[in-house]
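The following note is offered to a colleague who is meeting this structure for the first time. Its points are numbered so that each may be checked in turn.

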Amino acid sequence: MNITSLTQYKEQYEAHKDDTAWLETCKEYEWFNFPTKALEGNFNDANVTWFNDGKLNITVNALDRHAKNTPNKIAIIWEPNNPEDKEIKITYKELLERVCKFANVLKDQGVKKGDPVCFYMSMIPELLVGALACARIGAIHSIVFGGFSAKALAGRIEDSSVKFVITNDEGPRGDKKIPLKEICDQAISMCSCVEKVLVVRRTFANLDYNEKHIIINDLLEKASSTFEPVVMNSEDPLFILYTSGSTGKPKGLLHTTAGFMVWSNQTFKNVFQAKDNDIFWCSADIGWITGHSYMTYGPLISGATQVMFEGIPTFPDPGRFWNIIDKYKVTHFYTAPTAIRALQACEDRFYKEADLNSLKVLGSVGEPINIEAWNWYHENIGKNKCPIVDTWWQTETGGIMISNLAGVTKAIACHATNPLPGVFPILVDADGNEIKDKKASGNLCISKPWPGMARTIYGDHQRYIDTYLSTYAGNYFTGDGAKRDENGNYRITGRVDDVINVSGHRIGTAEVEDAINKHELIIESAVVGMPHEIKGQGIMAYAISKGSHADIMSQINSHLVEQLGPIAKLDKLVITTGLPKTRSGKIMRRILRKLAAGDKDNLGDISTLVNPQVVEELINKL
Ligand code: WT7
C-alpha cells in the first residue's frame, strides 16, 4: 500500500473496511508460505489472529532482501555519545552478517525458538542487532529500557521467566556512564530464573566477571556470518515489551510476527513518506515501543537509511540534535514533545548554528504536543516548510494509528487528524455508548482489530481482556480521551485512566504509590499527574507520613529511583494528615488531580467525602 495522494488515502481507507485487503499488502513481503487468511477472531472472543496460515521470518524482510538488492546501502549510521568519537556506518550486507553472527552466538549459548531473551542495554548497535538476531532464530526479545532500576528489571525478568539476559558493561550517556552490568547483576541476584548473562563490552571498564557472565565481543567476531532464518508462523511471538498500567504490576505486551511486520512497515512508509535516498532519524530509545517500530523494524523493512544515536540531546551542549541533523543531512526527524520543549527553552544559537535545510518531514510522538512547542518546531526547525506528523499510537497498538500523512493529507497543529487505513476509531460517552455526532469529545476506542495490535499480556490473558476489551464491550479501549471536529479530525487530549505520561513515558500512579508506600516513613499515599512545562506531566504525591522530616522529598525520591528508576522521581510532594476519601474508602483522585492542576475552584461535589476538611488542609498547603 503506497499512499501518495489524498484520493488514494480515501480509497485505501474505504478498501480496508474489508480486512482481506491486507492480503494484497502482504504481497510486498517475502514469505515461506503466503497467507490466505487475513483477520480471524474479534474483540468479543479476545482471540484475534492475522495472516494465521502464513510462514515467514521478519528478518528476511528487514535484511536479506536488501542485502541482496542494495548490499552497499547504509542501513544504520551509529552516532556515538561523544561527538569526537567516530561514527559507525553499517550497510545492509554488513547488518545481515552481524545479525547472523549474533544469532550463531545465541544458538551456541543455548537460546532456542520461543525462549524469551531480556536485553538491558544502552543504544549501541549490538542492541538492535541482538533483537534482530532473536527474531532470526525465533526467540522472543524483551527489551528493558536502561533507565529502569535493578528492582524494576528483576520484576520484568521474573515475569517472563527469562533464562538469558544480555547487557553491556556500561552505557555512556552525556558525561555519565550508566553501570548497566552492575544493575543487571543486582537484578539477577533477586531472580532465580536467569542462567546466563551475555555481556557486550562497550567501555571496557574493569569489572568483575563470574561464571554466569559470558563476554561476547570476541565470540561475535569469530562466529559464522550466515544463519538460516527460522521458519515462523505468522502468529508466533516476536517480542514482549513491558509498559505501565493502572495497577502496580507492569504489563508485558506480546506482539506477534506477521501482523507487527506489516503494521510497523506500512505505517512507517505511509506516514513519513521517506524516499530512497532519505535519511530517517527517530530519536527514541530502543527500550520503548517507538524504537521497536520505527528503528528496529519499520525503516529496515523498507530498506531505509537511518541514524541511531547513543547519547542525549544536551551533550556536549543543547545543539547536539541539530548538529547531528546537519552532519548526516537528516531528512526525516521523529522525536517527542518533551525533547522539543526542553530544546526550545535553550538559547536560539544552538539551532541557528546548524544547517537544518536537509529536513523534509518532522514527527511528534508520545504525548499531546502543545501549540507553543508545535509552532517552535514548525518555524525554527522545519523552517515553515516541513509537514509535522503528529502520530498517535501506543505500545499496545504496535505502530501509528491516527496521524496525518506527510505532505499527503492535511496537517493541523496539535491534531493527530485521521486514522490510517484499517483503523476504526470511535468516541464513547461515560455510559459506554458510541457518540455518533461528528463533532464530539469522549473516550477513544478502536472498534475493529488491526494487524499490529498486541495479542495478549504475556502470561495473563485475563488481564488483557480486563484492561482493554471489557470496559466497552466489543471495542478496544485506549485509555485516552479525544476530541473530534466536524471534519472528523482527532485531537488526543491525554489519558483518562490512572496512567501519567511523564516526558512521553508511561507510568502508573498505582506503581508509584506501591513504591512510596514501601518507604518506612510513609503511611499512605496518592499519586496524580500535574502539569509540567517541559515533561508535559510531572508526578505529584500526597502522602501521610510518620512524624515530620525535613528532607522527606529527597528520601522518597532516592527510594523511588531504587524501586523503579529515575523516571519515577516526584516533582512535588505534599505531606498531609489525610487523603480525601469516599465512604467506601476510595481515594477521590479527581479532587487531587484538580488541586495538582491549581484548579481549586472547580472541585465539584465534595460532600460525599468522609473527610471534607482534608480538602481545606490541602488547599492551604498548595
Ligand atoms: C500513550 C502511549 C506511541 C509511542 C510512544 C508512547 C500518548 C502517544 C500521542 C500523540 C497525544 C499521545 C497517549 C497514549 N500519546 N502519542 N501523538 N498525541 N498523545 O507509547 O508509552 O505506550 O504511551 O502516549 O496517551 O495512550 P506508550
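**Notes on the predicted model**

1. Gln273 is buried, with a relative accessible area of 12%. The residue belongs to the loop that runs between helix 9 (257-272) and strand 16 (279-282). Its phi is near 60°, which is a positive value in a residue other than glycine. Please note that the model is a predicted one.

2. Asn384 also merits inspection, as its phi is near 60°, again positive in a residue other than glycine. Most residues other than glycine have a negative phi, and most peptide bonds are trans. Asn384 is placed in the loop between helix 14 (371-381) and strand 20. Is Asn384 buried or exposed? Its relative accessibility is 51%, and it therefore counts as exposed, the cut-off being over 50%.

3. A cis peptide bond joins Phe315 to Pro316, with omega near 0°. Pro316 sits in the loop between strand 17 (305-309) and helix 11 (320-328).

4. Helix 10 is largely enclosed by the rest of the structure, because 13 of its 13 residues are buried. After this helix comes Gly303, which has a positive phi, near 75°.

5. The ligand has 17 residues around it, and those that come nearest are Asp390, Thr395, Asp480, Arg495 and Arg506. By class, the shell around the ligand consists of six nonpolar, six polar and five charged residues.

6. Backbone atoms also approach the ligand. A polar backbone atom of Thr391 is 2.8 Å from a nitrogen atom of the ligand, and a polar backbone atom of Pro368 is 3.4 Å from a ligand nitrogen atom. For Gly366, a backbone N or O atom lies 3.1 Å from an oxygen atom of the ligand. How much of the ligand does the protein bury? Taken alone, the ligand exposes 550 Å², and the protein buries 96% of that. Two or more residues of the shell around the ligand are given by each of these elements: helix 10 (289-301), strand 20 (388-391) and strand 25 (490-495).

7. Arg506 deserves a separate entry. It is one of the residues that come nearest to the ligand, and it is found in strand 27 (residues 505-508). Arg506 counts as buried because its relative accessible area is 14%, the limit being under 20%. Its side chain makes a polar contact of 2.9 Å with the side chain of Glu396. In addition, a polar atom of the Arg506 side chain lies 3.2 Å from the backbone oxygen of Ser244.

8. The wider surroundings of Arg506 may be examined next. Neighbours within four places in sequence being left aside, Arg506 is in contact with Thr243, Ser244, Lys251, Gln394, Thr395, Glu396, Arg495, Val499 and Ile500. Of these, Thr395 and Arg495 are also among the residues that come nearest to the ligand.

9. How many disulfides does a search of the whole structure find? The search finds zero. Cys191 is in no disulfide, and the nearest cysteine sulfur, that of Cys193, is 5.1 Å away; a disulfide would require the two sulfur atoms to be within 2.5 Å. Cys193 is likewise in no disulfide, its nearest cysteine sulfur being that of Cys191. Cys191 is buried, with a relative accessible area of 10%, and Cys193 counts as buried at 17% relative accessibility.

Definitions and conventions: Residues numbered from 1 in each chain as written. Predicted model: local features only at pLDDT ≥ 70, side-chain atom pairs only at ≥ 80, totals over all residues. Heavy atoms only, no water. Near = heavy atom within 4 Å. Polar contact = N/O pair within 3.5 Å; in protein donor to acceptor, adjacent residues only side chain to side chain. Areas by Shrake-Rupley, 256 points an atom, 1.4 Å probe, with all protein chains shown as cover. Helix = DSSP H or I, 4+ residues; strand = E, 2+ residues; numbered from the N terminus. Nonpolar A, V, L, I, M, F, W, Y, C, P; charged D, E, K, R; others polar. Buried < 20%, exposed > 50% of the residue type's maximum accessible area, 1.4 Å probe, protein only. Contact = heavy atoms within 4.5 Å.
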